[in-house]
Amino acid sequence: GRGLALRFHRAGIKIRIGSRDAQRGAQVAGDLGVTGGDYAFALTGADVAMLCVPYGAHRPVLEAIKPLLSGRILIDITVPLKPPKVRQVFLPEGQAAALEAQLILGEDGRVVAALHHISHTHLADLDHTIVGDVLVCGAKADREQMLPLIAKLGVDVLDAGPLRNTVALEAMTPVLLHLNRKYGGSASLRIEGLQSR
């Protein structure tokens, strides 16, 4: 979340950090040079919400912010990792965190899933060029609306289809974590062979 806030802020996007605890939200935001507070403060006037929490906090946070999300797109970057075995695929009851988010928010929820394979350390290093593609899933109109916003992070983005496809995207993250540990480095995904981007 910190790296995303820094990069969006640098791109001129107005950022607000939200937390269950308003003081904590304000403190984290202040460290990053943006504003922050509780969830209501962060979402007041927002066009888009971004959920950046560990999977264990996914449902409680969604339930807390659900009344605040009406009419807004939620970009969910959550990956269902199950510590300590974070290098093994864990399919949650709903098959993917983003699909669970959609169920929690109901038919009016506008969930877009993205950014599962980008290193948080690379995002936080503003001098680092992000290598790899960001794959974006969701309802057609919502994901198409979010592609240019996500591109402002300095990443290459691709439309990866409906929200159901996020099952595969979320499941690739532990595979990449395994590769990083096995071979060293910071693996990413790059889709080759497309005729246009």
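This report describes a five-stranded sheet, two of the helices beside its strands in sequence, and one buried histidine. The model is predicted.

**The sheet**

The sheet is open and its five strands have the order β3-β4-β5-β6-β7, with mixed pairing. Its edge strands are β3 and β7, each of which pairs on one side only. On average, neighbouring strands of this sheet are turned by 25° against each other, direction ignored.

Some of the parallel pairings are listed here, each with one pair of facing residues.

| Strands | Sense | Bridges | Facing residues |
|---|---|---|---|
| β3 (48-51) and β4 (73-76) | parallel | four | Val48 and Ile73 |
| β4 (73-76) and β5 (110-113) | parallel | four | Leu74 and Val111 |
| β6 (133-138) and β7 (156-159) | parallel | four | Asp133 and Asp156 |

**Strand β4 and its connections**

Strand β4 has parallel partners in β3 and in β5. In a regular strand, side chains alternate between the two faces of the sheet. In β4, Ile73 and Ile75 lie on one side, while Leu74 and Asp76 lie on the other. These four residues are all buried, and both faces of the strand are covered.

Helix α4, residues 55-65, belongs to a right-handed β-α-β unit together with β3 and β4. From β4 the chain continues through helix α5, residues 97-105, to β5, and this β-α-β crossover is right-handed too.

**The two helices**

How are α4 and α5 placed relative to each other? Their axes are 10 Å apart and the helices pack at an angle of about 20°. Angles under 35 degrees count as roughly parallel, and α4 and α5 are therefore described in that way. The crossing in which α4 passes α5 is right-handed.

The contact between them involves Tyr55, His58, Arg59, Leu62 and Glu63 on the α4 side. On the α5 side, the residues met are Ala97, Glu100, Ala101, Ile104 and Leu105.

**His116**

Beyond β5, the loop that leads to α6 (120-124) holds His116. Is His116 buried or exposed? Its relative accessible area is 7%. The cut-off for a buried residue is under 20%, so His116 is buried.

Leaving aside residues up to four places away in sequence, His116 touches Asp76, Ile77, Thr78 and Val79, as well as Thr166, Leu169, Glu170 and Thr173. One of these contacts, Asp76, is also among the buried residues of β4.

Note on methods. Residues numbered from 1 in each chain as written. Predicted model: local features only at pLDDT ≥ 70, side-chain atom pairs only at ≥ 80, totals over all residues. Heavy atoms only, no water. Buried < 20%, exposed > 50% of the residue type's maximum accessible area, 1.4 Å probe, protein only. Pairing = 2+ DSSP bridges. Right-handed = clockwise from strand over helix to strand, strands pointing away. Contact = heavy atoms within 4.5 Å. Axes fitted to C-alpha atoms, helices over the stretch in contact; angles between N-to-C directions. Parallel < 35°, antiparallel > 145°, perpendicular 65-115°, else oblique. Left-handed = near helix turned anticlockwise from the far one by under 90°.
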